[in-house]
Structures are given as C-alpha cells and as structure tokens.
Amino acid sequence: MAEFDVVGLGEALVEFNQTRPGQPEYRQGFGGDTSNAVIAAARQGARCAYLTRVGDDAFGQQLLDLWKAEGVDTCGVQRDADAHTGVYFVQHGPDGHAFSYLRRDSAAARMRPGHLAAGLVERARFLHVSGISLGISDSACDTVFAAIARARAAGVQVSLDSNLRLGLWPLDRARAILREALRHADLFLPSMGDLRHFTGHEDPGRTLDWIREAGAPGAVVLKLGKDGAMLDEGGQRTAVASQRVQAVDATGAGDCFAGNLLARRCDGDAWIDAVRYANAAAALSTLGYGAVDPLPHPGQVRQLLQQG
C-alpha cells in the first residue's frame with residue numbers, strides 16, 4: 001500500500017494578491033500550481049507530500065510552515081542557501097487577473113534529477129506535475145521527466161496539468177515537451193485556454209481528438225472554465241456543467257480542481273463523480289482572494305453539490 005496518495009513536484013512561491021483593483025494594496029499568501037494542488041488534496045483528506053527546493057530565506061521558511069500546517073509531508077523539500085524563493089504578484093482588472101513573477105534563478109528553478117528525494121516518488125499513488133514544473137528551467141524539466149520515469153517503473157500513476165505559461169518558454173518548445181509528457185500521463189488535465197495555442201481553435205471535441213492523436217493514453221479532463229469540464233475516458237466523453245458562484249479571484253481554481261480530483265480518485269470515486277466534485281471545489285475556491293486560503297474543505301464542497 002502506498003504511503004502517500006499524491007506527491008507533487010514543482011515550484012512553490014510566495015504570493016502578493018491585489019485586494020483592490022487599481023490600488024497598491026496586496027495580501028500576502030502562497031502559490032505555485034502543484035503546491036496548491038497538493039494542499040487542496042490534503043484538505044480533502046488525502047495523504048500528500050511535496051518535492052521542491054526553496055531558498056534559505058524567510059519566504060522559504062514560511063512555505064515549510066504552510067505545508068506543515070496543511071499536513072503535507074516535506075521530506076522532499078530542500079533548502080538552497082545560494083538561491084531565493086520565488087515570488088509573484090496578482091493584479092485584478094476588467095480582463096481578469098494578471099500575473100507578474102520574480103522567479104528567475106529561484107531555488108525551484110535550480111532543481112536537478114539528483115535532488116529527487118530517494119524513494120519518495122515510488123511511495124505515492126499519484127505523481128502530480130505540470131507545464132510550469134517542466135517550463136521553469138531546463139534542469140527542472142529534466143527533473144520532471146526523471147520523476148515520471150521513476151513513477152512509471154514503480155507502477156505509480158502520473159497526473160499532468162498543462163498549465164501553459166508562454167512567458168516561461170517558446171511555444172514550439174512547450175508544445176514538443178508537453179506532447180512528450182502527456183504520452184506518459186495516466187491523467188491529463190489540460191485547459192481550453194492552454195490547448196488553443198497548440199490547436200488554433202476552441203472546440204472541445206476537436207481538442208480532445210488532438211490530445212488523443214498526440215498519444216495521451218489515460219483519462220483526460222478538459223477544463224472549460226465557467227463552462228465546466230469535459231471528461232474523456234478513452235471510449236466515452238461526458239460534459240460536466242460548472243457550479244455558478246459569484247467569483248472574485250480565480251487564481252488557484254485549476255489547481256484546486258486538480259487536487260480535489262486526485263483526492264476523490266484516491267478515495268475510490270468513479271471518474272465522473274470525481275470530476276463533478278472537483279468542479280464544485282474549484283468554484284468555491286474563487287470566492288476568496290489568493291491561491292491557498294480559499295481552498296475548500298469537504299463539508300463546503302458537499303453542501304454546494306447538494307444545493308446544485
């Protein structure tokens with residue numbers, strides 16, 4: 001039996017989220033897509049651990065304190081005395097939220113395959129990685145593929161969130177690397193906003209066809225934002241409607257979706273039930289500011305599902 005349900009690998013950052021549009025007022029929180037996902041899963045009762053590097057600085061310590069408070073195992077977190085912990089800012093406007101990053105040469109970007117904690121990947125049911133994990137640096141990309149290889153050899157399932165950030169790498173490189181990574185994913189979690197850069201359109205059915213033609217072997221859940229999600233189990237596709245809420249900040253909604261989906265799968269839910277649950281959790285995560293603070297607990301999610 002696996003020691004952990006979900007082990008995430010990637011970059012964690014300290015977040016400064018604008019609380020009043022147009023005003024220089026920011027609330028400090030935490031972010032980083034795979035970190036958000038494992039915290040979301042942990043809040044649902046999953047046994048989680050995280051693999052990364054943080055700076056030997058105050059922000060790095062705050063992240064370690066956060067994971068401890070959330071029940072996320074940190075045996076795979078290393079501190080780098082020669083690099084800083086990444087930081088990002090979120091601003092809000094009429095076109096949604098905009099991100100600004102201070103992550104170049106961060107401790108996480110300096111990850112290498114040799115930094116993988118011995119045996120941690122092999123002790124999980126799911127390894128969760130993302131396009132950001134792959135894109136922050138060449139060495140981090142190598143580290144992700146090394147972790148995927150270890151997961152596959154040990155029979156650990158691989159979860160991949162597309163999370164395309166074109167500020168990190170050229171489109172052609174992103175397309176090539178994500179296409180290679182999705183070939184090894186038991187669960188692929190793309191968003192329509194990401195995949196339109198690869199396909200040139202925003203048709204869910206055609207997008208899922210592209211993903212299958214690219215070699216995705218496992219379950220695919222195409223995230224459609226306010227329009228919900230589309231589940232593709234290989235032979236059957238099912239649309240799942242979103243939960244309508246008065247959103248104020250969608251910063252970590254996709255990560256919340258991923259973490260809740262993984263938690264429910266580990267608890268035995270069928271794919272369709274896990275997707276419906278994750279949809280509701282993601283909707284709730286948009287009701288507050290920041291990527292981590294609004295992540296819901298089980299009672300909140302079940303209440304929303306009962307209302308819907």
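This is a guided tour of a predicted model, going from its nonpolar cores to its helix contacts and ending at one loop residue.

**The cores**

Begin by selecting Trp67, Val221, Phe257 and Leu261, which are the residues with the most contacts inside the largest nonpolar core, a set of 51 residues. Next add helix H9, residues 271–285, since this helix gives the most to that core, with 10 residues. Now centre the view on Phe257 and, leaving aside its neighbours within four places in sequence, display the residues in contact with it: Leu189, Val221, Lys223, Ala229, Val275, Ala278, Asn279 and Ala282. Apart from this core lies another one, of 47 residues, and you can find it by selecting Ala49, Ala124, Val156 and Leu160, which are among its members.

**Helix H1 and its contact with H8**

Select helix H1, residues 33–43, and show the rest of the structure around it: 11 of its 11 residues are buried, so the helix is largely enclosed by the rest of the structure. The buried residues are Asp33, Thr34, Ser35, Asn36, Ala37, Val38, Ile39, Ala40, Ala41, Ala42 and Arg43, so that charged side chains such as Asp33 and Arg43 appear in the list together with alanines. Following H1 you will come to Gly45, a residue whose phi is positive, near 100°.

Keep H1 displayed and add helix H8, residues 253–266; the axes of the two helices come within 7 Å and cross at roughly 45°. H1 and H8 are therefore oblique to each other, and H1 passes H8 in a right-handed crossing. To see the contact itself, show Asp33, Asn36, Ala37, Ala40 and Ala41 on H1, together with Asp255, Cys256, Ala258, Gly259, Asn260 and Ala263 on H8. Coloured by class, the residues of this contact come out as 6 nonpolar, 3 polar and 2 charged.

**H9 against H10**

Return to H9 and add helix H10, residues 298–307, whose axis comes within 9 Å of that of H9 and crosses it at roughly 105°. That angle makes H9 roughly perpendicular to H10. On the H9 side, select Arg276, Tyr277, Ala280, Ala281, Ala283 and Leu284, and on the H10 side select Pro298, Gln300, Val301, Arg302, Leu304 and Leu305, which they meet. The residues of this contact divide into 9 nonpolar, 1 polar and 2 charged.

**H4 alongside H5**

Move on to helix H4, residues 138–154, and helix H5, residues 171–182, which pack at an angle of about 15° with their axes 11 Å apart. These two helices are therefore roughly parallel to each other, and their crossing is left-handed. The residues to display here are Asp138, Cys141 and Phe145 in H4, which meet Arg173, Ile177, Glu180 and Ala181 in H5. By class, this contact has 4 nonpolar residues, no polar ones and 3 charged ones.

**Last stop: Ser191**

Finally, select Ser191, which is found in the loop between strand E10, residues 187–189, and helix H6, residues 192–199. Is this loop residue buried or exposed? Ser191 has a relative accessibility of 17%, and because buried means under 20%, it counts as buried. Leaving aside its neighbours within four places in sequence, show the residues in contact with Ser191, namely Ser162, Leu222 and Lys223. Lys223 has already appeared on this tour, as one of the residues in contact with Phe257.

How values were computed:
Residues are numbered from 1 along each chain as its sequence is written. This is a predicted model: local features need pLDDT of at least 70, side-chain atom pairs count only at pLDDT 80 or more; totals for chains, interfaces and linings use all residues. Side-chain values use heavy atoms; hydrogens and water are left out. A nonpolar core is a set of buried Ala, Val, Leu, Ile, Met, Phe, Trp, Tyr and Cys residues joined through side-chain atoms within 4.5 Å. Buried means under 20% relative accessible area, exposed over 50%, partly exposed in between (1.4 Å probe, protein chains only). Helices (H or I, at least four residues) and strands (E, at least two) are DSSP runs, numbered from the N terminus. Contact means heavy atoms within 4.5 Å. Axes are lines fitted to C-alpha atoms, for helices over the stretch in contact, and angles run from 0 to 180 degrees between N-to-C directions. Angles under 35 degrees count as roughly parallel, over 145 as roughly antiparallel, 65 to 115 as roughly perpendicular and the rest as oblique. A crossing is left-handed if the near helix is turned anticlockwise from the far one by less than a right angle, and right-handed if clockwise. Ala, Val, Leu, Ile, Met, Phe, Trp, Tyr, Cys and Pro count as nonpolar, Asp, Glu, Lys and Arg as charged, and the others, Gly among them, as polar.
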